[in-house]
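Student: I've got a chain open on my screen. Can you walk me through it?
Tutor: Sure, load it and ask away.

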Amino acid sequence: VGGAKRAAAFAKKLYGAPLAIFSRQRRRANEMGEVDLVGEVDGKTCIIVDDIADTCETLCVSAAKLRLLGASRVIGVAVHGVLSG
């Protein structure tokens, strides 16, 4: 929930940009779970912000899914790079 609130505040700072959020269930550390998208991305530029990037699998899978759902461009940002994988 905290991440969704931060994302909404960030979207508002981007001149009221529309918001789409991935819901993810992680089974355990360093293992990607299922991701579901809430929102519309067709024809839009999407920005993925990840707080901690370890293997970057979340960023890559999310970017691929956004492109499949019609995003025109995807930008990925990681705040803290652990990069162990």
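Student: Which strand gives the largest share of the nonpolar patch?
Tutor: Strand E4, with three residues. Keep in mind that this is a predicted model.

Student: Which residues make the nonpolar surface patch?
Tutor: Phe-10, Leu-14, Ile-47, Val-49, Ile-75, Val-77 and Val-79. Together they form about 560 Å² of nonpolar surface.

Student: Which strands each supply at least two residues of the patch?
Tutor: E3 does, and so does E4, which spans 73-81.

Student: Take Ile-75. Where is it placed?
Tutor: Ile-75 sits in strand E4.

Student: And why does Ile-75 count as partly exposed?
Tutor: Because its relative accessibility is 32%. Partly exposed covers the range between under 20%, which is buried, and over 50%, which is exposed.

Student: Let's step back. How many helices and strands are in the chain?
Tutor: Two helices and four strands. Along the sequence, the pattern reads α-β-β-β-α-β.

Student: How do E3 and E4 run, parallel or antiparallel?
Tutor: Parallel, with eight bridges joining E3 to E4.

Student: Which residue in E4 stands opposite Ala-53?
Tutor: Gly-81 stands opposite Ala-53.

Student: What unit do E3, H2 and E4 make?
Tutor: A β-α-β unit, and it is right-handed.

Student: Now H2. Is Ser-62 in that helix buried or exposed?
Tutor: Ser-62 is in helix H2. Ser-62 counts as buried because its relative accessibility is 3%.

Student: What does Ser-62 touch, leaving out residues up to four places away in sequence?
Tutor: Phe-22 and Ile-48.

Student: What share of the chain counts as buried?
Tutor: 18% of the 85 residues. Ser-62 is one of the buried residues.

Student: And the exposed area of the chain? What supplies it?
Tutor: The chain exposes about 6100 Å². Carbon and sulfur atoms supply 56% of that area.

Student: New topic: backbone angles. What is phi of Tyr-15?
Tutor: Near 55 degrees. That is a positive value, and the residue is not a glycine.

Student: Where is Tyr-15 found?
Tutor: In the loop between helix H1 (2-13) and strand E1 (21-25).

Student: Is Tyr-15 buried or exposed?
Tutor: Exposed, because its relative accessible area is 81%. The cut-off for exposed is over 50%.

Student: What about phi of Cys-56?
Tutor: Near 65 degrees, so again a positive value in a residue other than glycine.

Student: Which loop holds Cys-56?
Tutor: The loop between strand E3 (45-53) and helix H2 (57-68).

Student: How does Cys-56 count for exposure, and why?
Tutor: Cys-56 counts as partly exposed because its relative accessibility is 24%.

Student: Back to H1. What separates the C-alpha atoms of Ala-4 and Leu-19?
Tutor: A distance of 9.5 Å, with the two positions 15 residues apart along the chain. Ala-4 lies in helix H1. Ala-4 is partly exposed, with a relative accessible area of 33%.

Student: Last one: what share of contacts links residues 24 or more positions apart?
Tutor: 60%, taken over contacts in the chain with a separation of 6 or more.

How values were computed:
Residues numbered from 1 in each chain as written. Predicted model: local features only at pLDDT ≥ 70, side-chain atom pairs only at ≥ 80, totals over all residues. Heavy atoms only, no water. Buried < 20%, exposed > 50% of the residue type's maximum accessible area, 1.4 Å probe, protein only. Patch = residues over 30% accessible without salt bridge, like charges linked within 9 Å, V, L, I, M, F, W, Y side chains within 5 Å. Areas by Shrake-Rupley, 256 points an atom, 1.4 Å probe, with all protein chains shown as cover. Salt bridge = Lys/Arg side-chain N within 4 Å of Asp/Glu carboxyl O. Contact = heavy atoms within 4.5 Å. Pairing = 2+ DSSP bridges. Right-handed = clockwise from strand over helix to strand, strands pointing away.
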